[in-house]
Amino acid sequence: MISFLSGTVHRIAADHLVVLTYGVGRKVHVTPDTLTHTRHGAEIELVTSLVVREDSLTLYGFATEDENHTFEVLLSISGIGPRLAMAILSVMGPDELSAAIASQDANALTKVPGIGKKGASRIILELENKLPKLSASAPGPPLSFGGENQQVVDALVGLGWKEAQAEEVVAEVVKETGAEAGTSVILKAALKVLGARK
């Protein structure tokens with residue numbers, strides 16, 4: 001079992017990286033968020049899960065232990081395969097999933113392509129049983145926007161994204177770059193994240 005991978009990014013594709021380790025290129029499927037935070041030639045470290053099938057061995061890589069653990073728990077749910085598990089983690093991280101489970105928010109899960117109301121309700125029920133720590137988690141405080149950050153949200157809404165989605169991405173970007181980064185920098189970074197999630 002390959003549980004950790006460290007090497008150089010040799011190639012970046014739409015849904016995976018090729019990581020060069022000791023002269024061997026390993027194909028690793030990753031989330032859009034991981035793709036947007038790396039570049040060709042960069043050193044990278046990933047927590048990984050190897051999914052074994054009759055006709056394939058597929059490696060999935062994550063930036064954190066939490067993402068990897070959530071992926072493996074999702075795979076234990078009947079009807080969820082690696083693609084759908086990755087789709088869930090592409091739309092919401094472990095913390096957002098935790099909040100959705102805690103608040104019984106099926107609508108949050110229906111934002112994932114391929115998950116309807118019934119499927120979302122079943123996933124919530126399954127995760128409550130398999131990850132009690134998730135259901136015990138309280139959702140974070142609501143996001144508040146004002147000034148320049150609100151201008152970025154308004155700009156994204158004007159470009160066709162939903163307000164809730166725009167607020168979520170702007171909050172992520174501000175957390176990573178800092179509010180002092182400036183409106184144009186935050187807007188460009190938010191567009192990059194949103195573009196990767198299409």
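The legends below describe close-up views of a predicted model.

**Figure 1. Overview of the predicted protein chain of 198 residues.** The protein contains 10 helices and 5 strands. Buried residues make up 39% of the 198. Its accessible surface comes to about 11000 Å², and 53% of that area belongs to carbon and sulfur atoms. Among contacts with a separation of 6 or more, 50% are between residues 24 or more positions apart.

**Figure 2. The closed barrel of 5 strands.** The strand order is E1-E2-E3-E5-E4, and the pairing is mixed. From one strand to the next, the twist averages 55°. The parallel sense is found between E3 and E5, which are joined by 2 bridges. Antiparallel pairing is found between E2 and E3, and also between E4 and E5.

**Figure 3. Strands E2 and E3 and the loop that lies between them.** Strand E2 covers residues 16-21 and strand E3 covers residues 24-29; 6 bridges pair the two. Within this pairing, Leu20 stands opposite Gly25 in E3. The loop between E2 and E3 holds Tyr22. Phi of Tyr22 is positive, about 50°, although this residue is not a glycine. Most residues other than glycine have a negative phi. Tyr22 counts as exposed because its relative accessible area is 88%, and the exposed class begins over 50%.

**Figure 4. Strand E5 and its two partners, E3 and E4.** On the E3 side, Val28 has Leu59 of E5 as its bridge partner. On the E4 side, 7 bridges join the strands, and Val51 has Thr58 of E5 as its bridge partner. A hairpin of 2 residues connects E4 to E5. Strand E5 is mostly covered, with 5 of its 7 residues buried.

**Figure 5. Helices H2 and H3 against the strands.** Helix H2, residues 65-75, lies across strand E4 (43-53) and strand E5 (56-62). The direction of H2 is at about 10° to that of E4. Helix H3, residues 82-91, packs on the sheet and touches E3, E4 and E5. The angle between the directions of H3 and E5 is about 10°.

**Figure 6. The second largest pocket and its lining.** The space in this pocket is about 150 Å³. Helix H1 (32-36), helix H9 (163-177) and helix H10 (183-197) each supply at least two lining residues. H9 gives the most, with 4 residues. The lining consists of Asp33, Thr36, His37, Glu172, Val173, Glu176, Thr177, Ala189, Lys192 and Val193.

**Figure 7. Leu159 in the loop between helix H8 and H9.** Helix H8 spans residues 147-158, and Leu159 is placed in the loop that leads from H8 to H9. Leu159 has a relative accessible area of 55% and is therefore exposed, the limit being over 50%. Leu159 and Leu191 are 32 residues apart along the chain, and their C-alpha atoms are separated by 9.8 Å.

**Figure 8. Gln104 in the loop between helix H4 and helix H5.** Helix H4 covers residues 94-102 and helix H5 covers residues 106-109. Gln104, a residue other than glycine, has a positive phi near 55°. Its relative accessibility is 46%, so Gln104 counts as partly exposed, a class that lies between the buried limit of 20% and the exposed limit of 50%.

Definitions and conventions
Residues numbered from 1 in each chain as written. Predicted model: local features only at pLDDT ≥ 70, side-chain atom pairs only at ≥ 80, totals over all residues. Heavy atoms only, no water. Pairing = 2+ DSSP bridges. Axes fitted to C-alpha atoms, helices over the stretch in contact; angles between N-to-C directions. Contact = heavy atoms within 4.5 Å. Buried < 20%, exposed > 50% of the residue type's maximum accessible area, 1.4 Å probe, protein only. Areas by Shrake-Rupley, 256 points an atom, 1.4 Å probe, with all protein chains shown as cover. 1 Å grid on protein atoms, 1.4 Å probe; cavity = no way out; pocket = protein on both sides within 12 Å on 5 of 7 lines; lining within 4 Å. Points joined across faces, edges and corners; volume = space filled by probe spheres on them.
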